[in-house]
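Reader: Before I plan anything around this protein, I would like to go through its interior and its cysteines with you. Could you take my questions one at a time?

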Amino acid sequence: MKVYHDSECLLHNPSHEILSGRLVPYLESPTRVERIKDALQKIPSFELLLAEQDWPHAIEEYIRMVHADDYINHVKSIYDEWVASGGDKNAVFPETFLHRRFSTSRIEGGAHPSPIARAGIYCFDLSCPITSDTYGAAVASVRVALSAAQSLADNHSESRPAVFALTRPPGHHAQDALCGGYCFFNNAAIAAKYLLEYCGCSAIAILDVDYHHGNGTQQIFYEDPRVLYVSLHADGDYPYFTGSADERGAGEGLGFNHNFPIPPPSCTDTVYCDTLQHAVEVIKRHTVEYLIVSLGVDTYQDDPICEFLLTGRCYPRIGEIIASIGKPTLFVMEG
């Protein structure tokens, strides 16, 4: 299997985040990707490749297929503006969030919030500090996802082709104009849009197996019938307010969103694989040309912030169940 990576993904390295009210070292560490890469290099069946650097368009143009212009500009420029306004040089951290119960008349009237205020418009939690290197790393992560998607499209006629995008920062929590959960640009969503818009694809399934619900991917495609979104995740855990089985899509996308929330304390290998089998049956009932897997391995029993009980023996079985879909598959690294 081809594995695409980019050393610039490692540049985003904030010193801390706030988790459950505590100031803690940043958990989404560059070390995680380095360890995955080192492990894959020792396995002959994996071919590690650098992400493609030359594209017909600037990477920002592909990001705009998913994310709003003002949001992209925010991620790109907020750090320098924040520091110039007296913000801490370590990272951009919101101190106030634009809550839905706030009056927004000032913003709607054309007022331009200060950089200190703007940090809370485009972020929904305290796990996305923005440093001087964040934008470059997030763009590199998109470049990895696009490289893997292009490789998959070029070889889609092969027998059950699969490609792995070793992306970082991850992406599935990033909405069209919101960062959160360590995610800035939604790599899986951008790869899906690339396959749809540039590779002649008409229908894609995204299977999200991260421990946490991919609120960003769901929001981006909630009304789009070209993308079937199917998620297995912990019931009632982060991001807390999305991921119900009742969320089925809207408009033309109604029926193309399927959530499978699982109670964390009872999620053993058997429970997870049985649920995954049901999720895969949903995908098999639809006609899709590609499968994108938002690959989170924070479902493992010893993950520091998650509560599933999956053992190492479970993951080969997960791979077998996913492979039974029988579609060209792009794996995109999440948590």
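Author: What follows is a set of questions and answers on this structure, which is a predicted model.

Reader: Which helix gives the largest share of the largest nonpolar core?

Author: The largest nonpolar core has 57 residues, and those that touch the most other members are Phe185, Ile190, Ile204, Ile292 and Leu330. When the members of this core are assigned to elements, the largest share is 12 residues, and these come from residues 134-154, that is, from helix H6.

Reader: Leaving aside its neighbours within four places in sequence, with which residues is leucine 330 in contact?

Author: Leucine 330 is among the residues that touch the most other members of the largest core. Once its neighbours within four places in sequence are left aside, the contacts of leucine 330 are Ala145, Ala148, Ala149, Leu152, Val163, Ala165, Ala191, Leu291, Ile292 and Val293.

Reader: How many residues are in the second, separate core?

Author: Apart from the core that holds Leu330, there is a second one, whose members include Phe164, Tyr272, Val280 and Ile322. The size of this second, separate core is 37 residues.

Reader: How many disulfides does the structure hold?

Author: A disulfide is a covalent bond between the sulfur atoms of two cysteines, and here a pair is counted when the sulfurs are within 2.5 Å. For cysteine 183, the nearest cysteine sulfur belongs to cysteine 128 and is 6.4 Å away, while for cysteine 267 it belongs to cysteine 314 and is 7.9 Å away. Neither cysteine 183 nor cysteine 267 is in a disulfide, and the number for the structure is 0.

Reader: Is cysteine 267 buried or exposed?

Author: A residue counts as buried when its relative accessible area is under 20%. Because the relative accessible area of cysteine 267 is 0%, this residue falls under that cut-off. Cysteine 183, with 1%, is buried, and the word for cysteine 267 is likewise buried.

Reader: How many residues of the lining of the largest cavity are polar?

Author: The structure holds 1 cavity of 30 Å³ or more, and the volume of the largest cavity is about 40 Å³. Its lining is made up of His74, Val92, Pro94, Ala119, Cys123, Cys128, Ile130 and Cys179. Of these residues, 7 are nonpolar and none is charged, and the number that are polar is 1.

Reader: What is the relative accessible area of asparagine 73?

Author: Asparagine 73 lies in helix H3, which covers residues 69-84. Partly exposed means between 20% and 50%, and asparagine 73 is placed in that class because its relative accessible area is 39%.

Notes. Residues are numbered from 1 along each chain as its sequence is written. This is a predicted model: local features need pLDDT of at least 70, side-chain atom pairs count only at pLDDT 80 or more; totals for chains, interfaces and linings use all residues. Side-chain values use heavy atoms; hydrogens and water are left out. A nonpolar core is a set of buried Ala, Val, Leu, Ile, Met, Phe, Trp, Tyr and Cys residues joined through side-chain atoms within 4.5 Å. Buried means under 20% relative accessible area, exposed over 50%, partly exposed in between (1.4 Å probe, protein chains only). Helices (H or I, at least four residues) and strands (E, at least two) are DSSP runs, numbered from the N terminus. Contact means heavy atoms within 4.5 Å. On a 1 Å grid over the protein atoms alone, a cavity is a set of points where a 1.4 Å probe fits but cannot get out, and a pocket is an open set with protein on both sides within 12 Å along at least five of seven lines; lining residues have an atom within 4 Å of a point. Grid points are joined across faces, edges and corners, and a volume is the space filled by probe spheres set on the points. Ala, Val, Leu, Ile, Met, Phe, Trp, Tyr, Cys and Pro count as nonpolar, Asp, Glu, Lys and Arg as charged, and the others, Gly among them, as polar.
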